Amino acid sequence: DWGNAWKKHFTRLVISPQLIISPPWEAQPGDIVIEPGMAFGSGDHPTTRACLDSIVRHARPGQRCLDVGCGSGILALAAARLGMVAAGIDIDEDAIRVAKENAEQNGLNATFSTTPLALVDGMADLVVANVYAEVLVDLAPDLARRCRRRIALAGILATKADGVIAAFPGFTVSRRQQDGEWVSLELERP
């Protein structure tokens, strides 16, 4: 049945015992359910998994997480599931609509908007951004201004990682990992 064959590529993804992402056809109680398709971020891509891993390791209940380029909302929803005050922004209105639907479907409290990063109020303890390296470099000053402690970056081709790091003076690289051609980074304020 070719109409359902594509579903085998989207399976239940266990990030940690407290955080499991599933498509609707594999979901179990307590999973975050994300319907693949309408916006980037179902959990299956190495860059998304890297950001989810960062969230699991650094989420502290009551702290703030900002997901820049939120797509489906998966990263903000993961942060909310782990007790963070989560918000996501994206330039794509359809992505924001999907993210809001995902929050409602999962019963999670996260806010989503098309507010430009430069106009976002306040700072976040954890800023996550899973977008291309060129966009990360362009957004670096605003990402740094919104970050209180740590930034998790992904969507970076290995050949572009050093350029992304250079765009964040005043931050130290606390973690760098590579999965195939993709690099993810965690940067911290000293």
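This is a short talk on the nonpolar cores, one helix pair and one buried acidic residue in a predicted model.

I'll start with the cores. The largest nonpolar core has 31 residues. Within this core, Ile21, Ile55, Leu77 and Phe112 have the most contacts. At least two residues each come from β2 (19-22), α2 (46-58), α3 (74-81), α4 (93-106), β6 (110-113), β7 (124-130) and β8 (147-157). With 7 residues, α3 gives the most to this core.

Take Ile55 as an example. Setting aside neighbours within four places in sequence, Ile55 is in contact with Leu75, Ala78, Ala79, Leu82, Leu126 and Val128. Apart from the largest core lies another one, of 26 residues. Leu66, Val68, Val120 and Cys147 are among its members.

Next, the helix pair. How do α2 and α3 cross? Their axes come within 10 Å, and the crossing angle is roughly 20°. Angles under 35 degrees count as roughly parallel, so α2 is roughly parallel to α3. The crossing is right-handed. On the α2 side, the contact is made by Thr48, Cys51, Leu52 and Ile55. On the α3 side, Ile74, Leu75, Ala78 and Ala79 make it. By type, the residues of this contact are 7 nonpolar, 1 polar and no charged.

Last, Asp142. This residue lies in helix α5, which covers residues 133-146. Is Asp142 buried or exposed? Asp142 has a relative accessible area of 14%. The cut-off for buried is under 20%, so Asp142 counts as buried. Not counting residues up to four places away in sequence, Asp142 touches Leu117 and Ala118.

Technical notes
Residues are numbered from 1 along each chain as its sequence is written. This is a predicted model: local features need pLDDT of at least 70, side-chain atom pairs count only at pLDDT 80 or more; totals for chains, interfaces and linings use all residues. Side-chain values use heavy atoms; hydrogens and water are left out. Helices (H or I, at least four residues) and strands (E, at least two) are DSSP runs, numbered from the N terminus. Buried means under 20% relative accessible area, exposed over 50%, partly exposed in between (1.4 Å probe, protein chains only). Contact means heavy atoms within 4.5 Å. A nonpolar core is a set of buried Ala, Val, Leu, Ile, Met, Phe, Trp, Tyr and Cys residues joined through side-chain atoms within 4.5 Å. Axes are lines fitted to C-alpha atoms, for helices over the stretch in contact, and angles run from 0 to 180 degrees between N-to-C directions. Angles under 35 degrees count as roughly parallel, over 145 as roughly antiparallel, 65 to 115 as roughly perpendicular and the rest as oblique. A crossing is left-handed if the near helix is turned anticlockwise from the far one by less than a right angle, and right-handed if clockwise. Ala, Val, Leu, Ile, Met, Phe, Trp, Tyr, Cys and Pro count as nonpolar, Asp, Glu, Lys and Arg as charged, and the others, Gly among them, as polar.
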